[in-house]
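Me: Please justify the structural terms applied to the model shown here, setting each value against its criterion.

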Amino acid sequence: MSTLVDSFGRQINYVRLAVTDRCNLRCQYCMPAHGIDIVPKQELLTFKEMYRVIRVLTELGVHKIRLTGGEPFVRKDFIGFLEMLSYNDLLEDINITTNGALISNHIDTLEKLKKVKNINLSIDSLQAETFNKITRRNVFDEVFKTMELLEKSSMNLKLNVVVQSGINTNEINDFVALTKDKNIAVRFIEEMPFNGKGQREMQESWNYNKILNEIKSEFDVAEIQSEKSSTSRNFSIENHKGTVGIIPAFTRTICGDCNRIRITSTGTFKNCLFDDGVFNLRDFIRNGASNDDLKELFLSLVKKKPENGFIAEANRTKGDVSESMSTIGG
Ligand code: SAM
Ligand code: SF4
């Protein structure tokens with residue numbers, strides 16, 4: 001069987017798929033207050049088109065998918081899509097990144113879908129006022145409730161915390177303290193300029209080292225050996241049930257072991273978060289491409305995967321990185 005290997009010998013076995021560009025929140029680091037220009041519905045891939053693309057990718061060695069957006073649970077019948085994907089026998093893991101504001105009623109259903117193993121919940125503050133200010137919506141209580149329900153569920157829970165200078169940096173160690181009694185992985189993410197041209201003023205840059213030093217100021221951490229392709233560097237703390245991690249999303253020190261490709265909600269194939277999209281799969285499919293055509297295409301597209309995110313960014317033809325993560329699929 002041919003599998004997806006890039007020109008640096010990296011085996012691609014993980015795809016991130018944005019199922020929508022729509023979102024019910026307006027996080028300040030992701031989009032402006034008025035939201036982003038969403039595309040007309042017919043420009044989004046249909047679930048059937050997504051299923052087909054994923055099936056072809058799994059026949060080329062992909063066995064793990066992360067569903068993201070926008071907010072995946074905003075898309076009508078997202079749960080039906082999860083059920084549909086579960087029938088793909090070549091897919092081992094279906095992971096979801098969500099803001100958690102719409103899912104407390106769905107947790108039982110998610111638990112029954114055995115391939116849905118990992119939920120990443122985005123929660124940037126443990127204080128209602130700050131949380132609501134960041135997301136520009138009053139959903140803290142609901143998201144906090146979801147966090148507690150997920151922690152008790154059979155699924156693994158990771159928290160995504162975007163570190164925002166002067167806004168939630170005073171809470172970094174409150175999040176770390178959560179791991180004492182809760183079996184969760186808290187992961188701090190460096191803020192990136194993917195904000196749909198929302199105005200951001202950062203007082204100072206909170207990069208990997210600064211975040212780690214802040215944690216070390218209160219906790220004795222020991223680095224854990226992570227999977228080679230892990231996006232985070234992870235740490236344990238003695239007597240803590242959970243772990244902490246830092247995702248060097250902007251300083252990009254993890255690119256060497258990247259095993260991922262991305263597909264946006266409109267079907268743009270991306271080899272890297274920082275590239276500006278290398279192929280429009282939607283039009284290719286809608287113009288009648290066969291599964292063999294798709295396979296051939298994927299095998300050749302991954303050969304163009306840049307060595308790292310800095311090269312991907314330098315090769316962009318459509319200007320600086322400023323599109324919202326909601327458009328790209330975070
Ligand atoms: N709406 C879902 C959510 O928020 O979890 C899924 C999509 S969101 C774009 C995926 C992840 O990207 C979230 O954890 C979010 O915090 C992160 N993200 C969005 N914009 C970001 C930025 N400018 N820098 C760093 N992380 C960002
Ligand atoms: Fe929506 Fe997620 Fe972006 Fe927040 S980070 S605005 S929840 S897509």
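The exchange below takes the terms one by one.

Reply: This is a predicted model, in which local features need pLDDT of at least 70 and side-chain atom pairs count only at pLDDT 80 or more, while totals for chains, interfaces and linings use all residues. Residues are numbered from 1 along each chain as its sequence is written, chains are lettered from A and ligands numbered from 1 in the order in which they are written, and side-chain values use heavy atoms, with hydrogens and water left out.

Me: What makes β7 and β8 a pair of strands?

Reply: Strands are DSSP runs of E with at least two residues, and helices are runs of H or I with at least four, numbered from the N terminus. Two strands pair if DSSP finds at least two bridges between them. Strand β7 (residues 221–224) and strand β8 (residues 233–237) are joined by 4 bridges and run antiparallel, so the criterion of at least two is met. Within this pairing, Ala 222 has Ser 236 of β8 as its bridge partner.

Me: How do you know that β8 is also joined to β9?

Reply: There are 3 bridges between β8 and strand β9 (residues 243–247), again in antiparallel orientation. One bridge partner is Ile 246 in β9, which faces Arg 233 in the bridge listing. The two strands form a hairpin with 5 residues between them, and Asn 239 in the turn has a positive phi of about 65°.

Me: Why is the contact between Glu 59 and Arg 55 called a salt bridge?

Reply: The term requires a side-chain nitrogen of Lys or Arg within 4 Å of a carboxyl oxygen of Asp or Glu. For Glu 59 and Arg 55 the N to O distance is 2.9 Å, so the pair qualifies. These residues are 4 apart in helix α1 (residues 47–59), and therefore separated by about one helical turn. Both also belong to a salt-bridge network with Asp 89 and Lys 295. The structure holds 14 salt bridges.

Me: What makes Asp 257 and Lys 228 a link between separate parts of the sequence?

Reply: Their side chains meet in a salt bridge at 3.7 Å, N to O. Asp 257 lies in the loop between β9 and β10 (260–263) and Lys 228 in the loop between β7 and β8, so the pair ties together parts that are 29 residues apart in sequence. Buried means under 20% relative accessible area, exposed over 50%, and partly exposed in between (1.4 Å probe, protein chains only). At 67%, Lys 228 is therefore exposed, while Asp 257, at 33%, is partly exposed.

Me: Is the salt-bridge residue Asp 275 buried or exposed?

Reply: Asp 275 has a relative accessible area of 6% and is therefore buried. Its partner Lys 270 is buried as well, at 3%. The closest N and O atoms of this salt bridge are 3.3 Å apart.

Me: How do you know which atoms make polar contacts with ligand 1?

Reply: A polar contact is a pair of N or O atoms within 3.5 Å; within protein, one must be able to donate a hydrogen and the other to accept it, and residues adjacent in sequence count only if both atoms are side-chain atoms. A polar backbone atom of Gly 70 lies 3.0 Å from a nitrogen atom of ligand 1. A backbone N or O atom of Met 192 is 2.8 Å from a nitrogen atom of the ligand.
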